[in-house]
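I wanted to look up the empty spaces inside this protein and what lines them. I also meant to check one charged side chain.

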Amino acid sequence: MTQHTTLITGATTGMGRALALDLAPRGGTLLLHGRNAERLEAVAAEVRAAGPGTTVRTQLADLSDLDQVRAMAARIRAVEPHLDGLIHNAVAGGGSQPLVRELSGQGHELRFAVNHLAPYALTRALLPLLTASAPARVVNVASMGQEAVDLDDVMLERDYEGLRAYCRSKLAMIMATFELAAELEGTGVTVNALHPAHLMDTPGLRAYGLAPVTTTEEGVRPTVRLLLDPDLATVTGRYFDRFTDARAHEQAYDGEARERLMKLTHELTERAWRDA
């Protein structure tokens, strides 16, 4: 990884922090994203200590606001000469008050915004840098918790519940993974999604009231594998359950459903940036 530049979103806690600490001794450049400046600088200091030969830079942004996503992408494009890896790890979980429907900066349902719209918009905005740096890899941290997206009520204005919103947003992320991978075929940029580990010990899991089953470190190895394993250099458009090439929810393979979802995704992200 000596020359690698990798961006990790949600790097201040949970698996994002564990990923950063795992990659730190490998060299290269790590771009660490977070939405809390104090926590971000603390993690950056930890990572620098763990990898004295690694360059560490921070990116502060709230991914629930697409304007901040756009601004972060613009900063990265302006400063970074290349980008070899992009790990979308930031997540909005089920929430500590799962019956309270929360909204993003643009008024979209929060889980759909953070877990689907933001990573898609950030990838799209960084594509010029990723394709110029090819071979490059995009790794979408999804979940085995998947539920069919109601394409007539994507924002869950009816029968809202936080974990349901999370599961639908993670399936939306996987559907977008498949679409973007097909679009980028032949560019040298691969896009894959994975379920890293079952019920990892993260703040989001505990906030929802679930008991952890595994550590965040258990999710690191399959995620780093998708980022670095030379045997996966040309593998794209796949969903992995940890180390296994697996099948996602059936809706992910419904071409019409994916087309409808992506049409809405483009409209929402482009409208946000057009109106900014």
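Entry 1. I sorted the lining of the second largest cavity by class and got five nonpolar, one polar and two charged residues. The model is a predicted one. The residues I listed for this lining are Glu-109, Phe-112, Val-149, Val-154, Leu-156, Ala-165, Arg-168 and Ser-169. Helix H5 gives the most to this lining, with three residues. I noted a volume of about 30 Å³ for the second largest cavity.

Entry 2. I then asked how many cavities of 30 Å³ or more the structure holds. I found two. The largest has a volume of about 90 Å³. Its lining includes His-88, His-116, Tyr-120, Asn-140, Met-173 and Val-191. Helix H4 (110-132), strand E5 (136-141) and helix H5 (162-183) are the elements that give two or more residues to this lining. By class I counted seven nonpolar, five polar and no charged residues in the lining of the largest cavity.

Entry 3. I stayed with helix H5 and looked up Lys-170, which is found there. Is Lys-170 buried or exposed? I recorded Lys-170 as buried, and it has no salt bridge. The nearest side chain of opposite charge is Glu-109, 12 Å away. A salt bridge needs a side-chain nitrogen of Lys or Arg within 4 Å of a carboxyl oxygen of Asp or Glu. I had already listed Glu-109 in the lining of the second largest cavity.

Entry 4. I left aside the neighbours of Lys-170 within four places in sequence and looked up its other contacts. Lys-170 is in contact with Val-91, Asn-115, Val-141, Ala-142, Ser-143 and Gly-145.

Definitions and conventions: Residues are numbered from 1 along each chain as its sequence is written. This is a predicted model: local features need pLDDT of at least 70, side-chain atom pairs count only at pLDDT 80 or more; totals for chains, interfaces and linings use all residues. Side-chain values use heavy atoms; hydrogens and water are left out. On a 1 Å grid over the protein atoms alone, a cavity is a set of points where a 1.4 Å probe fits but cannot get out, and a pocket is an open set with protein on both sides within 12 Å along at least five of seven lines; lining residues have an atom within 4 Å of a point. Grid points are joined across faces, edges and corners, and a volume is the space filled by probe spheres set on the points. Helices (H or I, at least four residues) and strands (E, at least two) are DSSP runs, numbered from the N terminus. Ala, Val, Leu, Ile, Met, Phe, Trp, Tyr, Cys and Pro count as nonpolar, Asp, Glu, Lys and Arg as charged, and the others, Gly among them, as polar. Buried means under 20% relative accessible area, exposed over 50%, partly exposed in between (1.4 Å probe, protein chains only). Lys and Arg count as positive and Asp and Glu as negative; His and the chain ends are not counted. Contact means heavy atoms within 4.5 Å.
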